Every structure is written in C-alpha cells, then in structure tokens.
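Please walk me through this model in the viewer, one selection at a time. For each stop, tell me what to select and what is there.

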Amino acid sequence: MRGGGGLWQLSQCLARRLSRSKPRGMPRAFATAPAAETVELKKTALHDLHVEHGGKMVPFAGWSMPLQYNDSIMDSTLHCRAAAGLFDVSHMCGLSLRGRDCVPFLETLVIADVAGLRPGTGTLTVFTNERGGAIDDSVVTKVGDDHIYLVVNAGCRDKDLAHIGAHLDDFKAKGGDVEWHIHDERSLLALQGPLAAPVLQLLMKDDLSKIYFGEFRTLDINGAHCFLTRTGYTGEDGFEISVPSDHAVDLTRAILEKSEGKVRLTGLGARDSLRLEAGLCLYGNDMEQHTTPVEAGLSWAIGKRRRAEGGFLGAKVILKQLQEGPPIRRVGFFSNGPPPRSHSEILSSSSSGGEKIGEVTSGGFSPCLKKNIAMGYVKSGFHKPGTQVKIVIRGKANDGIVTKMPFVPTKYYKPS
Amino acid sequence: MALKLWASSTANAIRISCSSSRPDFPAFSIFRSFSSVIEGLKYTGSHEWVKQEGSVATVGITDHAQGHLGEVVFVELPESGAAVAKGSSFGAVESVKATSDVNSPVSGEVIEVNTKLTETPGLINSSPYEDGWMIKVRPSDPSELKSLMGSKEYTKFCEEEDAH
C-alpha cells in the first residue's frame, strides 16, 4: 500500500546488477555499479540530514532513501512501537484536486464514497482500472467539497498522474470544474508510535486530542503551515505531516530535539516490517494491476452508495465479485521454518498431498512477535482463519496456518 | 554466502545499499570498522570461513557477513552425512532483511552440524567464529583450501568491497 516503489523496482534494479556481475555471492552487491550511476536519484529535502544521522541510503522508486540508520531493523521496528519513529516519506506524491466538481471527478476513479466523507476526514482507497484491478492505493482526504488532498505511491507516481491527468482532461472537456496541483513544493514526514502525539503537541497550539484517526487539518507546526493527517503505515497512532520543503529540516530537528532522543529516525527497512505486522498492503507486492480490491480484502473501502451505484472504473467486475465472492483472497499466515518471502508457493495441506492454492506476496520475521508472518493470496475456500497450509521455501514444504490480520493489534486514536 | 534473492523488499534493498552511489561515503562504514577477521582461518569471496584441524574442517560465515545481514532469525543446515561441494550452497541464513545461501569452502562429507543454531540462530551474530559455526566437514581434497584467502587478503577484500 503506502510504500514507494514496491518490490518490483528494487528487484529490477537488483536483477540488472546481478546480470552484469560475476557470480560470486555477496561481492556482487558491492562490486557492480548501481543503476544510480546512469540515472540520477532524486534527493528529498532531508537527504543530508539522513546521511548525517548514519542513514544507509538506497535507491527506492527513483529516490535515494534511508534503508536504516545506526539501529538494526529489528531494534528500529520495536522502538517505533514502544516509543516513536520518524520517517521521511517525501518520495510519496501529494496531490490536491480543487474545484466545484472535484468530488464527482475523483469518484469516477476510486471506490470510496468521497461525497459521504465529512469535511476534514479521509480514507484509504483504491484507484481501479477498467478490469477492476488496482492501479494504486491511496489515502484521500476531503478537505472540503471543493478540495481533495491525496497521497499516492512514489513508484506509481508517473502512471497515476498520467491516468488521473487523462481523465481530468476528458472531464474538463465536458464542462467539469476541477484543477490539480502536485505538491512538489512540500515534503512529507510520518511520525508514528505512542509518543507521536505528545511530542508533536510540544510544537503546536492546536489540541491534538481533538483530532482522531483519519482526520485532517491545516495548521501551524513549528512555525510552518502544514497539512496534518492522523494516519500512517505502521498500525500505530501517528501522523503524516506535509510541510513546505524549506521548513522540513527544521521540523525534523525540532521533533528529534523535543523528544529528547525518544523519537528516532526510522528507515524503509523497519517501515516494511511495521506495515507487514499491521497487515497493510504494499502496492507492487500485495496488490497489483490484476488484483481487485475485493480480492485484496478491501471491500470495506467500497462505500455503501458506491456498491449500489457503481460509477467507477471496473465497477462491473468489482460489484459482481462482491455479490458472488472473489476467486482468490488475501490472507495472513503464521508459519514454521524459514520466513516465507514473496513468491513462496502455498499448497493445501490435504492428506491427498497438496495442490497449489496460492502464493505469498510479502513475508518475513516479525520483530514484535518473534515468529514468521506472511500475507498472500489463496483460492477462496482456503481463506478461513485456522486453515492449515504448506508454504514451500527452497523446495521444502513448511507448516503454515491462515491467520487474521493485523498480526500486531493496531492502536489508532479513535473517539472512545 | 551467496546472496541469492528470495526477495522481500528489504532483502533487495539491503544489497542495493551495499553499492553506495557515493564512493567517498561507503554504506556500512560503521559495521566495517567493527568487523573482525581471525588469523589462521581461510576465507572465501562469498564470506564464509573455514578452519582446518587435522582431518576436520569447520565452516561458518564471517563477522563481516553477519554484520551486513543483521540479526539472524533462521538457519537452514544440511543433515550429517550429506555431501557438500566447494562453491556450492549447503544451507541458508535468514535475517530480518534478507535470505542468503551459504556456500561450502571445501568439498567433502558433513560429519557434524551445529544444532544449537536451530534454537539460537543469533549465535551467528554474537559469535560468528566460535559458537556460531555451522558445519564440520571431512574434506575429500584438502588441497582445495590452498586457493582460499588468508586473513590479510580477506581483510583487504572486504575493504575493497565496501569502498565500491
């Protein structure tokens, strides 16, 4: 879901290098020039600050981003849940749609009931194609009836903007009133964990206890005009803060200093562990062009009115799946043996000996639970929690069990 | 250890991170300064070590390798009695970040495996050259060891790698 480039980009990058280099193991990763030498990586406003704090910078969706800092990925993941982590997610693309018709326009492209959102609230949604597949996932906020703010994945930026832009032109040609603005003048920080709110409160006047999960405000933080959304990609309480880029370094330093070292910079490695523990999709891994929101377990994000009326791309396919059930479903697993990884085969565990029923899309060792967790797609019928399966890793079948997600309980700040 | 990819996004990222685009600022410089190399052992370019004592060769992965992998969470080992071949994978090490094949520095028969690693895979991080050993092999051709790197050569090899 809210990652960046997703696996495919990293794999491509890697595959390119491996294919050029000598087959001698780890040195491959070191000895060969990265794609970075041929394509200049984009740097966020915080790039130098990352390096200053020991960030191991890696190419990610065309950006140079910190994979981790001096803490291990394990420690970093645990620290975010115990205290707080601060992530630079400026590679993600913020976008505003403005105009009288921005809500009906967006509703032609996404599954959410945008019209039904209260002003100042948002939701996770999916941009669909004509076949009902996911072009991207995104958090959309209805700032007001004439202003939508949304954030899309870095790795999907070009195709998303092309897609939205083409439909925008058509919509305007028919007389619709919508303009768009890409917030390249802003940076995006995610502050996540139990200390996120108390620390951020030290830098602002507005009362954070009145802003709940999914809510959005424009307000001053540390003297800069920010867009604040109480959301995130970790399962923890927290915020995404869109800040003018010339204030991004100041705000980052202020958060770190005010927390007296309790908020730590956290990289992409821990971000991936955290979102997996929270059962959240990484677009490009767990959701792709051919995956429908129903298969991905996001039927809840299809508004009631949208189910009745349709009116988004691929609605026919999606509404039919809602009626009849999808052929495959995204589920979570616990497993024994080595941690499952993307593309590990899933077999049924029947005594007759295991037909292929699906594939893992993300998996790893959970730093919090200290055991293997994974998500993937299985044929409907094998999706119920408690179903025994086999997960094949390096030719060996390991025991797995279908499990409810999130793996680690979410701690969103909701009205009690 | 041949870092063959079983791909999680972070798994991929860590390898990419190894090839820093800033040669003057190598990624993992912090790890490098702490990684140790033991005299008297032989080393492979894929970051395994081997120690020969009489007719027994003990095999593990180096401090440099464990530093790059991060916390080891699972170790896959062969059965005692299995045949291993020089340069071929005999097992795997899994960390939060990545899966890595481990190659044998010598050909021969596995006579013992470190079963403690099943319960305590972190021994590879805390004691890569002692408690974190992986297999003991009876080499079929002890002269194979001669082609491996010594400690000085391996130290230089790691430095050159990190500088790229």
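The tour below starts with chain A as a whole and then moves to single elements and residues.

**Whole chain A**

The model is predicted, so begin by colouring chain A by pLDDT. The average is 91, and 90% of the residues score at least 70. Next select residues 1-36 of chain A, where the pLDDT is below 50. Beyond near neighbours in sequence, this stretch still has 117 contacts in the model. Where pLDDT is low, the predicted coordinates should not be read in detail.

Switch to a cartoon of chain A: eleven helices and 19 strands are assigned. Along the principal axes, the C-alpha atoms fill a box of roughly 65 × 50 × 50 Å. The radius of gyration of chain A is 21 Å, which agrees with the value near 22 Å for a compact globule of 416 residues.

Now show the surface of chain A. About 16100 Å² is exposed, and carbon and sulfur atoms supply 52% of that area. Of the 416 residues, 62% count as buried. Among contacts between residues at least 6 apart in sequence, 66% join residues at least 24 apart. If you select the charged side chains of chain A, you will find 51 positive and 45 negative charges, with mean positions 7 Å apart.

**Helix α9 and its surroundings**

Select residues 268-277 of chain A, which form helix α9. How many of the ten residues of this helix are buried? Ten of the ten are, so the helix is largely enclosed by the rest of the structure. Charged side chains are part of this buried set, which includes A:R271, A:D272, A:R275 and A:E277. Also among the buried residues are A:L268, A:L274 and A:L276.

Extend the selection to A:G279, which follows α9(A) and has a positive phi, near 70°. From the C-alpha of A:G279, draw a distance to that of A:Y233: the two are 9.7 Å apart in space and 46 residues apart in sequence. A:Y233 lies in the loop between β11 and β12 (238-244) of chain A. Is A:Y233 buried or exposed? Its relative accessibility is 2%, so A:Y233 counts as buried.

**Two loops with positive phi**

Go to A:N222, in the loop between β10 (216-221) and β11 (224-229) of chain A. A:N222 is not a glycine, yet its phi is positive, about 50°. With a relative accessible area of 32%, A:N222 is partly exposed.

Then select A:K370, in the loop between β16 (356-366) and β17 (371-379) of chain A. Here too a residue other than glycine has a positive phi, near 60°. A:K370 counts as partly exposed, at 49% relative accessibility.

**The segment after β19**

Select A:M405 and A:P406 and display the backbone. What kind of peptide bond joins A:M405 and A:P406? The bond is cis, with omega about 0°. A:P406 sits in the segment after β19 (396-403) of chain A.

**A stop in chain B**

Finish with B:K97, in the loop between β6 (89-95) and β7 (99-103) of chain B. B:K97 counts as buried, at 3% relative accessibility. For a last distance, pick the C-alpha atoms of B:K97 and B:I124: they are 15 Å apart in space, and the residues are 27 apart in sequence.

Terms used
Residues are numbered from 1 along each chain as its sequence is written. Chains are lettered from A and ligands numbered from 1 in the order in which they are written. This is a predicted model: local features need pLDDT of at least 70, side-chain atom pairs count only at pLDDT 80 or more; totals for chains, interfaces and linings use all residues. Side-chain values use heavy atoms; hydrogens and water are left out. pLDDT is the predictor's confidence in each residue, from 0 to 100. Contact means heavy atoms within 4.5 Å. Helices (H or I, at least four residues) and strands (E, at least two) are DSSP runs, numbered from the N terminus. The radius of gyration is taken over C-alpha atoms; the globule rule is 2.2 Å times the number of residues to the power 0.38. Buried means under 20% relative accessible area, exposed over 50%, partly exposed in between (1.4 Å probe, protein chains only). Accessible areas come from the Shrake-Rupley method with a 1.4 Å probe; for residues, only the protein chains shown count as cover. Lys and Arg count as positive and Asp and Glu as negative; His and the chain ends are not counted. The place of a charge is taken as NZ of Lys, CZ of Arg, CG of Asp or CD of Glu.
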